[in-house]
Amino acid sequence: MSETIKSGATPLEGDGKRILMILGTPKNSSFCHALGEAYAQDARSKGHVVRLLKLGEMTFDPVLRDGYEHSQQLEPDLLEAQRQIHWAEHLVFVYPVWWGGIPALLKGFFDRTFLPGFAFKYRNRSPLWDKLLSGRSADLLVTMDTPPWYYRWVYGAPGHRQMTRTILGFSGIKTRRLAEFAPVRPSSEEQRQGWLRRAEALGVRA
């Protein structure tokens, strides 16, 4: 896959769309990694520039200690992540659904980086706000052990709504595609290979 972005690193550039992939699992290896690899490889084959943030390899406190009441100093990896988000035209989030929602590490990443003044800005004496990350799009590649129909119709897809509406949408990022790969736990090798081909196709259409 493309290089993991560390502070000061500059990967090779191309002529296509600027894509930032955020791998939102703390695990060092998983099917999410394979899906991200497939997406990125085919996106780069079309001339797009793909950069990668692996949250599990970044150093930061995922807890927003005082909410927005007091400023919490951003670690170098989070400052670099904000720079990469500003750089990107298109974001790709690859993550599993755990307990119906996004992993705690990914939620902590949003808590610490999507701050007032970066992702949004409240208006004075108004219930409205400015969406500071507008103009960007996103693809979501989501793995689950729950069958998609059950997650949607029985649970109400809480993790999907959180990502598309109350995090990305709130900040002005338009979710273009949400691809579910599930259920993973009982899947066969043939099914997983098919899902990898699907991720490749998504990368081609990035």
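# Reading the calls in a predicted model

Mentor: Let's start with R125, which is found in the loop between β4 (120–122) and β5 (129–131). Keep in mind that the model is predicted.

Trainee: Okay. What makes R125 count as exposed?

Mentor: Its relative accessible area is 91%. Exposed means over 50%, so R125 with its 91% gets that label.

Trainee: And what is the phi of R125?

Mentor: Phi is near 55° there, a positive value in a residue other than glycine. A157 is another non-glycine residue with a positive phi, about 50° in its case.

Trainee: Where does A157 lie, and is A157 buried or exposed?

Mentor: A157 sits in the loop between α4 (148–153) and α5. Its relative accessible area is 8%. The cut-off for buried is under 20%, so A157 is buried.

Trainee: What about G156, then: why is G156 called partly exposed?

Mentor: G156 also belongs to the loop between α4 and α5. Its relative accessible area is 25%. Since buried needs under 20% and exposed needs over 50%, the 25% of G156 falls in between, and we say partly exposed.

Trainee: Which residues is G156 in contact with, leaving aside neighbours within four places in sequence?

Mentor: Y151 and R161. As for G100, it is 56 residues from G156 in sequence, and the two C-alpha atoms are 9.3 Å apart in space.

Trainee: Let's move to P183. How do you know whether P183 is buried, partly exposed or exposed?

Mentor: Try the same test. P183 has a relative accessible area of 24%. That is neither under 20% nor over 50%, so P183 is partly exposed. You'll find P183 in the loop between β7 (174–181) and α6.

Trainee: What kind of peptide bond joins A182 and P183?

Mentor: A cis one, with omega at about -10°. Beyond its neighbours within four places in sequence, P183 touches M144, D145, T146, P147 and W195.

Trainee: W195 sounds like a way into the helices. Why is α1 called oblique to α6?

Mentor: Helix α1 (residues 31–45) and helix α6 (residues 189–204) pack at an angle of about 40°, and their axes are 7 Å apart. Roughly parallel would need an angle under 35 degrees, and roughly perpendicular would need 65 to 115. The 40° fits neither range, nor is it over 145, so α1 is oblique to α6. The crossing of α1 past α6 is right-handed.

Trainee: Which residues of α1 and α6 meet?

Mentor: From α1 there are F31, A34, L35, A38, Y39, D42 and A43. From α6 there are R192, W195, L196, A199, E200, L202, G203 and V204. Sorted by class, the contact of α1 with α6 has 11 nonpolar, one polar and three charged residues.

Trainee: Now α2 and α3. What makes α2 and α3 roughly perpendicular?

Mentor: Helix α2 (residues 76–87) packs against helix α3 (residues 104–113) at an angle of about 80°, with the axes 10 Å apart. Angles of 65 to 115 degrees count as roughly perpendicular, and about 80° is inside that range, so the name fits α2 and α3.

Trainee: Which residues make the contact between α2 and α3?

Mentor: L78, A81, Q82 and I85 come from α2, while F109, R112 and T113 come from α3. By class, the contact of α2 with α3 has four nonpolar, two polar and one charged.

Trainee: Why is α3 said to be largely enclosed by the rest of the structure?

Mentor: Because seven of its 10 residues are buried. The buried ones in α3 are L105, L106, G108, F109, F110, R112 and T113. Their cover includes β1 (18–23), α2, β3 (90–96) and α5 (158–171).

Trainee: Let me try one from α5. Helix α5 holds R165, and its relative accessibility is 59%. Exposed means over 50%, so R165 is exposed.

Mentor: That's the way to do it. R165 and I85 are 80 residues apart in sequence, with their C-alpha atoms 18 Å apart.

Trainee: Last one: what pLDDT does the chain average?

Mentor: The average is 93, and 93% of the residues score at least 70. Residues 1–12 have a pLDDT below 50, and this stretch has 34 contacts in the model beyond near neighbours in sequence.

Methods:
Residues numbered from 1 in each chain as written. Predicted model: local features only at pLDDT ≥ 70, side-chain atom pairs only at ≥ 80, totals over all residues. Heavy atoms only, no water. Axes fitted to C-alpha atoms, helices over the stretch in contact; angles between N-to-C directions. Helix = DSSP H or I, 4+ residues; strand = E, 2+ residues; numbered from the N terminus. Left-handed = near helix turned anticlockwise from the far one by under 90°. Contact = heavy atoms within 4.5 Å. Nonpolar A, V, L, I, M, F, W, Y, C, P; charged D, E, K, R; others polar. Buried < 20%, exposed > 50% of the residue type's maximum accessible area, 1.4 Å probe, protein only. pLDDT = per-residue confidence, 0-100.
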